[in-house]
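I am opening a fresh notebook page for this chain. Come and look things up with me, one entry at a time.

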Amino acid sequence: MKKINVKKKEILQRTGDLGGKSYFVKSGLLRSYTIDEKGKEHIFMFGPEGWIVTDYAAADEPCDLYIDALEDSVVIQVEKDGKIEPDLKKFVKRMRVLQKRVIMLMSTSAIERYDFFVSTYPNVMQRVPQHMVASYLGVTPEALSAAKSQRLKSGK
């Protein structure tokens, strides 16, 4: 384990890298994402303080995700083959969020996904641009704007 300071926009991992690492966010904000063949970014998750950001590829397999810093951050970097005591509560919380997200992407409206995002990441909305939130939700920035307007009209 190693504590590192990461500058905003610094890339910690690229798709195809071998020996990916896990990052526990002490302060700041990370994100993991992929870029499709057309060059469009698709955000997999945000990692605010207290979250772990990682790619689930084995240490000897190429990574699927990019990981970068959206803010200056302090992270604890852990080698995938390193021996650490897992924080089961944090891992279960992360898996629960990912499970809910996949189910929502398959079956809910943009407004329902937006509401889930706001409740899951209460302080991230003010820290990232709208196009990144839209990417995370799987909608266009225009659809996100319409969903936010609908949410305001409904009084939430």
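**Entry 1: a turn after a helix**
I began just after H3, where Gly138 takes a positive phi of about 75 degrees. I note here that the model is predicted.

I then asked myself: how many of the eight residues of H3 are buried? Six are, so I wrote H3 down as largely enclosed by the rest of the structure. The buried ones are Met132, Val133, Ala134, Ser135, Tyr136 and Leu137.

**Entry 2: another positive phi**
Next I looked up Lys9, which has a positive phi of about 75 degrees although it is not a glycine. I found Lys9 in the loop between strand E1 (2-6) and strand E2 (11-13). Is Lys9 buried or exposed? I noted Lys9 as exposed, because its relative accessible area of 68% is over the 50% cut-off.

**Entry 3: the cavity**
I wanted to know about empty space inside. Rolling a probe the size of a water molecule over the atoms shows where such space is left. My count came to one cavity of 30 Å³ or more, and the largest cavity holds about 30 Å³ of space.

Which residues line the largest cavity? I listed Arg101, Met104, Leu105, Arg113, Phe116, Tyr136 and Leu137. The elements giving two or more residues to this lining are helix H1 (88-107), helix H2 (110-120) and helix H3 (130-137). H1 gives the most, with three residues. Sorted by class, I have five nonpolar residues, two charged ones and no polar ones in the lining. Tyr136 and Leu137 are on this list, and I had already met both among the buried residues of H3.

**Entry 4: a nonpolar patch outside**
On the surface I found a nonpolar patch of about 370 Å², made by Tyr56, Phe91, Val92 and Met95. I picked out Val92, which lies in helix H1. Val92 counts as partly exposed, because its relative accessibility is 47%.

**Entry 5: a tryptophan in a loop**
Where is Trp51 found? I located Trp51 in the loop between strand E5 (41-47) and strand E6 (52-53). Trp51 is buried, with a relative accessible area of 9%. I also checked Trp51 against Val25: they are 26 residues apart in sequence, and 5.7 Å apart in space from C-alpha to C-alpha.

**Entry 6: salt bridges**
Side chains of opposite charge can pair when their charged atoms come close. How many salt bridges does the structure hold? I wrote down five.

One of them joins the side chains of Asp68 and Arg31 at 2.9 Å, N to O. This pair links distant parts of the chain, with Asp68 in strand E7 (residues 66-69) and Arg31 in strand E4 (residues 30-35), 37 residues apart. Asp68 is buried at 5% relative accessible area, and Arg31 is buried at 6%. I added that Arg31, Glu41 and Asp68 are linked in a network of salt bridges.

Then I followed Arg127, which meets Glu49 in a salt bridge of 3.2 Å, N to O. Arg127 sits in the loop between H2 and H3, and Glu49 in the loop between E5 and E6, 78 residues apart. Arg127 also meets Glu71 in a salt bridge of 2.8 Å, N to O. Glu71 is in the loop between E7 and strand E8 (73-79), 56 residues from Arg127.

To finish, I compared cover: Arg127 counts as partly exposed at 22%, Glu49 as partly exposed at 35%, and Glu71 as partly exposed at 22%.

Definitions and conventions:
Residues are numbered from 1 along each chain as its sequence is written. This is a predicted model: local features need pLDDT of at least 70, side-chain atom pairs count only at pLDDT 80 or more; totals for chains, interfaces and linings use all residues. Side-chain values use heavy atoms; hydrogens and water are left out. On a 1 Å grid over the protein atoms alone, a cavity is a set of points where a 1.4 Å probe fits but cannot get out, and a pocket is an open set with protein on both sides within 12 Å along at least five of seven lines; lining residues have an atom within 4 Å of a point. Grid points are joined across faces, edges and corners, and a volume is the space filled by probe spheres set on the points. Helices (H or I, at least four residues) and strands (E, at least two) are DSSP runs, numbered from the N terminus. Ala, Val, Leu, Ile, Met, Phe, Trp, Tyr, Cys and Pro count as nonpolar, Asp, Glu, Lys and Arg as charged, and the others, Gly among them, as polar. Patches are made of residues with over 30% relative accessible area and no salt bridge: like charges are joined within 9 Å, nonpolar side chains (Val, Leu, Ile, Met, Phe, Trp, Tyr) within 5 Å. Accessible areas come from the Shrake-Rupley method with a 1.4 Å probe; for residues, only the protein chains shown count as cover. A salt bridge is a side-chain nitrogen of Lys or Arg within 4 Å of a carboxyl oxygen of Asp or Glu. Buried means under 20% relative accessible area, exposed over 50%, partly exposed in between (1.4 Å probe, protein chains only).
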